[in-house]
Amino acid sequence: MKLIFLGPPGAGKGTQAERIAARYGLAHISTGDMLRAELRAGTPLGQQAQGYMNRGELVPDDIVVELVRVRLGEEDCQNGYILDGFPRTLTQAQIMDETSIDVDVVLNIEVADEKLVERLSGRRECKSCGAAYHVLYHPTHDGKTCDECGGELVTRSDDVPEVIRKRLVVYHRQTEPLKEYYRKQGKLTTVQGQEELAETTRIVLSAVAEAEAKL
Ligand code: AMP
């Protein structure tokens, strides 16, 4: 199965994608995580992307598409994948279609903007390994260090109020039109991501199971 998880920043795409990927044995491909890994490793690509990410803008399409294209050639993607945070522009979606990057189902997770600001402000990440946490919904054992590697917890530089506002504007302007794009292709399934994590997972799992049954 080949899925896209669409939705605003803070909708829970990453958390839900991780759970569904584990359940169905799919590769979880998050372009945000991949770009942050490049940034931590100090690669030229990471340096190129950094300014856009810190300002809450989108990284240019050609950079992101190339990252995804290479990643999809890896062995673990042959069984299917979840694209989390990609595509984010109509151009990215069109390039996918033109280059035969297949998608069966687009799962659109809807959450109101007010809720997103609250969620994004409480997010923390491990400075060393990039693991994601939340002060209320997914705290670490001591609230200061990473459960995975003991690294220091920090707030992502794009999870501060003014950048959060910018990311929401960018989402509504550049990414939301993808809903219509995939609705026209008959691939869009919309779920509400407003609820608690476990309830959202239940809703997402049942939407994915329903979509899979139609394939
Ligand atoms: P995320 O972790 O998905 O919220 O992504 C963090 C940041 O990475 C975004 O605000 C963008 O700057 C960049 N990014 C991630 N995915 C994409 C994409 N598909 N296209 C352009 N920029 C992206």
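# A tour from helix H9 to the three-stranded sheet

Begin by selecting Thr201, which, leaving aside residues up to four places away in sequence, touches Gln16 and Arg19. The model on screen is a predicted one, and every stop below should be read with that in mind. Thr201 belongs to helix H9, which spans residues 197-214. Is Thr201 buried or exposed? Its relative accessibility is 9%, and because buried means under 20% relative accessible area, Thr201 counts as buried.

**Helix H3**

Next, select residues 44-55, the stretch that forms helix H3, and colour Gly46, Ala49 and Met53, which are the buried residues of this helix. Turn the view until you look down the axis of H3: the buried residues fall within an arc of 75°, so they line one face of the helix. On the other side of H3 you will find Pro44, Gln47 and Gln48, which are exposed.

What covers the buried residues of H3? Display helix H2 (31-40) and helix H7 (161-175), since both are included in that cover. Before leaving this region, step to Gly56, the residue that follows H3, and note that its phi is positive, near 80°.

**The sheet E6-E5-E7**

Now move to the open sheet of three strands, whose order is E6-E5-E7 and whose pairing is antiparallel. Strand E6 (132-134) and strand E7 (153-154) stand at the edges, and each has a single partner strand, so one side of each is left without a neighbour in the sheet.

Select strand E5, residues 123-126, together with E6, and follow the three bridges over which these strands pair in the antiparallel sense. For one specific pair, pick Arg123, whose bridge partner in E6 is His134. With these strands still displayed, add helix H6, residues 113-121, which lies across E5 and E6 and runs at about 35° to E5.

**Val154 in strand E7**

The last stop is Val154, placed in strand E7. How large is the relative accessible area of Val154? The value is 22%, and Val154 is therefore classed as partly exposed, the limit for buried being under 20%.

Show the surroundings of Val154 and, once residues up to four places away in sequence are set aside, you will find that Val154 touches Arg124, Glu125 and Lys127. Finally, draw a C-alpha to C-alpha distance from Val154 to Ser128: these two residues are 26 residues apart in sequence and 9.9 Å apart in space.

Note on methods:
Residues numbered from 1 in each chain as written. Predicted model: local features only at pLDDT ≥ 70, side-chain atom pairs only at ≥ 80, totals over all residues. Heavy atoms only, no water. Buried < 20%, exposed > 50% of the residue type's maximum accessible area, 1.4 Å probe, protein only. Helix = DSSP H or I, 4+ residues; strand = E, 2+ residues; numbered from the N terminus. Arc of directions from axis to C-beta. Contact = heavy atoms within 4.5 Å. Pairing = 2+ DSSP bridges. Axes fitted to C-alpha atoms, helices over the stretch in contact; angles between N-to-C directions.
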